[in-house]
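Hi there,

Here is the structure I promised to pass on. Please have a look at it first, and then read on for what turned up.

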Amino acid sequence: MKLSQFKFKLPEEQVALYPPHRAFENEDGTVDRIYHRDQCRLMVIHRKSQTIEMFKKDGDGNDTDQYLTFRDLVNYFDEGDTFIFNDTKVFPARLYGTKEKTDAKIEVFLLRELNEELRLWDVLVEPARKIRIGNKLFFEEDGPMVAEVIDNTTSRGRTLRFLYDCPHDEFKRELFSLGEAPLPRYIVERRECTPDDMEQFQTIYARNEGAVTAPSTGLHFSREMLKLMEIHGFRFTYITLHCGLGAFDPIEVEDLTKHKMNSEQVIIPEESCQDVNNAKNDGHRICAVGVSTLRATESSVGTDGMLKPFDGWTNKFIFPPYDFGLSNALIANFYHPESTMMMATAAFAGYDITIEAYEKAVEAGYQFGCFGDALLVVDD
């Protein structure tokens, strides 16, 4: 397929800058927000019949004027159906320093630690033109955190060596205390990061640190929502894909077969494979929660349709047409035009019905992006 086939006009006011919430303005003009993760809207694609649901039903099965919400998801599954969650944990990857001598403000975005003993980190810097090998960056006016640029990796990429002599755990705590939530660029260009963001840009089941962006579909799940799902008899299992920034990289080729994704680390334990395969053998549905989960499981499913243990890296890029080997349901968000996540959704649901769903979402004022509304794709 072609990149231009995934282009559409997204009004700026439909890009979600915050999770679902109620806002209260104080007398001093400040705004307090009460967040409700599971209160976004939900659209449902039935991929066999190629139909779309947007509204709740009345007693006679007719559409009402009330939109489906995320909690209505429980009505589309049965006892024993299994949900696969990505339990990666986001760390505070964005921090700001000043350049030695010039005091120029520099954004440093931590990607991953390269060497624990030497305190080497792979990072992105902005503005990159000001940062060369040998430069030093200071992260507190009088604090001990200093880093030296020792290599250029890409146009914006650098290798930093942090000059901080202490046990590694203490170093990590100090480094992360200086950082903030790694919100996507399209959000931080429109508003400031707040103390709430580190909590809100994290799934409630996150446990394996290593992501520099959240598996956004998982952000919709509240503790109350998971309890409701347990009451319905649904089963949960967990895999890990440490989400990187590759999903946000613009695709620069029209022919999608020529686009290469950046690799991301994946860990799929034996226990999760047993959970999924037992459910599948028993005839239950397997639902991938988010495109990151979909990419991880499709990287490790066997030709027999069973999930295999995996510990490695994947750069799988899913776009139509694609034959899926494992999941028969998907929960996704509404994503930006020409994004790899939109393409993976279209591969799962079908291109034409996905485009129709996106058109309806824009027309109805749905919210897009990591804090936006949700899309469920089911077989029936």
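A residue counts as buried when its relative accessible area is under 20%, as exposed when it is over 50%, and as partly exposed in between. By that rule Asp72, with 12% relative accessibility, counts as buried. Please keep in mind that this is a predicted model.

Let me stay with Asp72 for a moment, as its partner is a good place to begin. The side chain of Asp72 forms a salt bridge with that of Lys56, with 2.5 Å from N to O. Lys56 sits in strand β5 (residues 55–57) while Asp72 belongs to the loop between β6 (63–67) and β7 (82–86), so this pair ties together parts that are 16 residues apart in sequence. Unlike the buried Asp72, Lys56 is partly exposed, because its relative accessibility is 23%.

How many salt bridges are there in total? The count comes to 19. Two others are worth opening in your viewer:

- Asp197 and Arg191 form a salt bridge in which the closest N and O atoms are 2.9 Å apart. Asp197 is buried, since its relative accessible area is 1%, and Arg191 counts as buried as well, at 10%.
- Lys308 pairs with Asp304, and here the closest N and O atoms are 3.1 Å apart. Lys308 is partly exposed, with a relative accessible area of 34%, and Asp304 is partly exposed too, at 47%.

There is also a network: Asp78, Asp81 and Arg285 are joined into one by salt bridges that share partners.

Now for two arginines that are buried but have no salt bridge. What do their side chains reach instead?

Take Arg37, found in the loop between β2 (31–35) and β3 (42–46). Arg37 is buried without a salt bridge, and the nearest side chain of opposite charge, that of Glu199, is 5.4 Å away. A salt bridge needs a side-chain nitrogen of Lys or Arg within 4 Å of a carboxyl oxygen of Asp or Glu, so this pair does not qualify. The side chain of Arg37 does reach the backbone oxygen of Glu199, at 3.0 Å. A polar atom of the Arg37 side chain also lies 2.9 Å from the backbone oxygen of Gln202.

The other is Arg158, in strand β14 (residues 157–162). Arg158 is likewise buried and has no salt bridge, with Asp151 as the nearest side chain of opposite charge, 8.4 Å away. The Arg158 side chain reaches the backbone oxygen of Ile131 at 3.0 Å, and a polar contact of 3.1 Å joins the side chains of Arg158 and Asn152.

Arg37 comes up again in the cavity search. Searching the whole structure gave one cavity of 30 Å³ or more, and the space in the largest cavity is about 60 Å³. Which residues line the largest cavity? They are Pro19, Pro20, Arg37, Gln200, Leu219, His220, Cys370 and Phe371. Sorted by class, that lining has five nonpolar, two polar and one charged residues.

Finally, here are a few pairs for comparing distance along the chain with distance in space:

- Lys2 is in the segment before β1 (21–25) and counts as partly exposed at 39% relative accessibility. Lys2 and Val253 are 251 residues apart in sequence, and their C-alpha atoms are 8.5 Å apart in space.
- Gly143 is in the loop between β12 (136–138) and β13 (146–152) and counts as partly exposed at 24% relative accessibility. Gly143 and Gly283 are 140 residues apart along the chain, and 59 Å separates their C-alpha atoms.
- Ile204 is in the loop between α3 (197–200) and β15 (208–211) and counts as partly exposed at 21% relative accessibility. From C-alpha to C-alpha, Ile204 and Leu226 are 9.9 Å apart, with their positions 22 residues apart in sequence.

If you have time for one stop, I would suggest Arg37, a buried residue without a salt bridge that is also part of the lining of the largest cavity.

Best wishes, and happy browsing!

Definitions and conventions. Residues numbered from 1 in each chain as written. Predicted model: local features only at pLDDT ≥ 70, side-chain atom pairs only at ≥ 80, totals over all residues. Heavy atoms only, no water. 1 Å grid on protein atoms, 1.4 Å probe; cavity = no way out; pocket = protein on both sides within 12 Å on 5 of 7 lines; lining within 4 Å. Points joined across faces, edges and corners; volume = space filled by probe spheres on them. Nonpolar A, V, L, I, M, F, W, Y, C, P; charged D, E, K, R; others polar. Helix = DSSP H or I, 4+ residues; strand = E, 2+ residues; numbered from the N terminus. Buried < 20%, exposed > 50% of the residue type's maximum accessible area, 1.4 Å probe, protein only. Lys, Arg positive; Asp, Glu negative; His and termini not counted. Polar contact = N/O pair within 3.5 Å; in protein donor to acceptor, adjacent residues only side chain to side chain.
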